[in-house]
Amino acid sequence: MGRVRENSHARLVRTTAAAAVGVLALAALTTGCKVEGVGAAGPTAAATEPGTRPTDDAEPSGPASPSATASRTPTARPSPEPKTLMSVGDRSGRVRELQARLRQIGHFDRSPTGYYGTVTVTAVQSFQGKRGLARTGRTDAVTWERLLAMTRKPTAKELDPPVAGPAPAKLDARCLKGRVLCISKNSRTLSWVIDGRVASTMDVRFGSQYTPTRDGVFSVYWKSRHHVSTLYDTPMPYAMFFSGGQAVHYSSDFAARGYNGASHGCVNVRDEGKIASLFAQVRDGDKVVVHW
């Protein structure tokens, strides 16, 4: 009977000890748990090695893709355009030579003027087009070298050919006495008349229908050798003013384009040598007659 009680007591002690161990284990497990919200997923973040920080813009490991390799290939630089030697608005002996050389091979159909205007642009474009060059109208180094190879050095007569002066118009009666700039719109000529004798004659151009040259009898009231228009910001060399802002003066546009253009009311002269000589002779107060 005593042995039975001893066995029962031993079993009770073992049962109690086992229960205590279970309680301690359960407590250890619940102490290290993280409370998740309803429906939350378990931890998914990958562990990082000590000393490293994850980054969103890290370069991918492994071989680069073909597109990435191509993007790092340096692109070829475009070839530089040839240097421009002459272009619109230039005035020089070299421009005169350009025109004379173009005239030798049929691309320029008038006497050289030394001024790079619209007629010269068209002639250069024609030459460039025939040779497979870009039709820019500018004379660059490539165009110039090609032209030099196809032409010879112009002679003095080719650079400055003699020009027959226009026939003097029948003089208006108001031009027969004194010193007169006698300007005829019918014949498009200006005659420098001294006491009824024609000293020189030159071609002239007038204003358009919107800016006409005034008719009548006037007198030169101001001369300006290097005048520039304050209204149009254009050169008016050898200007001889006779009516408000209207003057007789040299026009490089008239020299380049002829009668394809018009003035803003002035009397344009295209022969620079003749207008220079006339400017030296005319005095303030000399009469100006503009007539039909």
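This report walks through the salt bridges, one helix pair and a few individual residues of the structure above.

**Overall picture**

The model is predicted, so please read every value below as computed from that model. The protein has eight helices and eleven strands. Of its 292 residues, 32% are buried. If you look at contacts between residues at least 6 apart in sequence, 54% of them join residues at least 24 apart.

**Salt bridges**

How many salt bridges does a search of the whole structure find? The search finds eight. Three of them are set out here, with the distance between the nitrogen and oxygen atoms.

| Pair | N to O distance |
|---|---|
| Arg-174 and Asp-172 | 2.8 Å |
| Asp-215 and Lys-185 | 2.6 Å |
| Arg-205 and Asp-253 | 3.2 Å |

Let us begin with Arg-174 and Asp-172, whose side chains meet in a salt bridge. Arg-174 counts as partly exposed because its relative accessibility is 38%. Asp-172 has a relative accessibility of 18%, and therefore counts as buried, the cut-off being under 20%.

Next comes the bridge between Asp-215 and Lys-185, with the closest N and O atoms 2.6 Å apart. Asp-215 sits in the loop between strand 5 (197–205) and strand 6 (216–219), while Lys-185 sits in the loop between strand 3 (179–184) and strand 4 (189–194), so the salt bridge ties together parts that are 30 residues apart in sequence. Is Lys-185 buried or exposed? Lys-185 is buried, because its relative accessible area is 12%. Its partner Asp-215 has a relative accessible area of 40% and is therefore partly exposed.

The third pair is Arg-205 with Asp-253, where the closest N and O atoms are 3.2 Å apart. This bridge links distant parts of the chain: Arg-205 belongs to strand 5 and Asp-253 to helix 7 (residues 252–257), with their positions 48 residues apart in sequence. Arg-205 counts as buried because its relative accessibility is 4%. Asp-253, at a relative accessible area of 27%, is partly exposed. There is a third member to add to this pair: through salt bridges that share partners, Arg-205, Asp-253 and Arg-257 are joined into one network.

**A buried charge without a salt bridge**

Asp-140 makes a useful counterpoint. This residue lies in strand 2 (residues 139–140). Asp-140 is buried yet has no salt bridge. Which side chain of opposite charge is nearest to Asp-140? That side chain is Arg-138, 5.8 Å away, and a salt bridge would need a side-chain nitrogen within 4 Å of a carboxyl oxygen. As for what surrounds Asp-140, setting aside its neighbours within four places in sequence, the residue is in contact with Pro-82, Lys-83, Thr-84 and Leu-85.

**Helix 3 and helix 4**

Two packed helices are described by the angle between their axes and the distance between the axes. For helix 3 (residues 93–104) and helix 4 (residues 118–130), the axes come within 11 Å and cross at roughly 50 degrees. The two helices are therefore oblique to each other. The crossing in which helix 3 passes helix 4 is left-handed.

Which residues meet where these helices come together? From helix 3 there are Leu-98, Gln-99 and Leu-102, and they meet Thr-120, Ala-123, Val-124 and Phe-127 from helix 4.

**Positive phi values**

Two residues are worth a look if you check backbone angles. Asp-195 is not a glycine, yet its phi is positive at about 50 degrees. You will find Asp-195 in the loop between strand 4 and strand 5. Asp-195 counts as exposed because its relative accessibility is 60%.

Tyr-238, also a residue other than glycine, has a positive phi near 55 degrees. Where is Tyr-238 found? Tyr-238 is in strand 8 (residues 235–243). With a relative accessible area of 9%, Tyr-238 is buried.

**Tyr-232 and His-264**

A last stop is Tyr-232, in the loop between strand 7 (222–228) and strand 8. Tyr-232 is partly exposed, because its relative accessible area is 37%. The C-alpha atoms of Tyr-232 and His-264 are separated by 9.1 Å, and the two residues are 32 residues apart along the chain.

Conventions:
Residues numbered from 1 in each chain as written. Predicted model: local features only at pLDDT ≥ 70, side-chain atom pairs only at ≥ 80, totals over all residues. Heavy atoms only, no water. Buried < 20%, exposed > 50% of the residue type's maximum accessible area, 1.4 Å probe, protein only. Helix = DSSP H or I, 4+ residues; strand = E, 2+ residues; numbered from the N terminus. Lys, Arg positive; Asp, Glu negative; His and termini not counted. Contact = heavy atoms within 4.5 Å. Axes fitted to C-alpha atoms, helices over the stretch in contact; angles between N-to-C directions. Parallel < 35°, antiparallel > 145°, perpendicular 65-115°, else oblique. Left-handed = near helix turned anticlockwise from the far one by under 90°.
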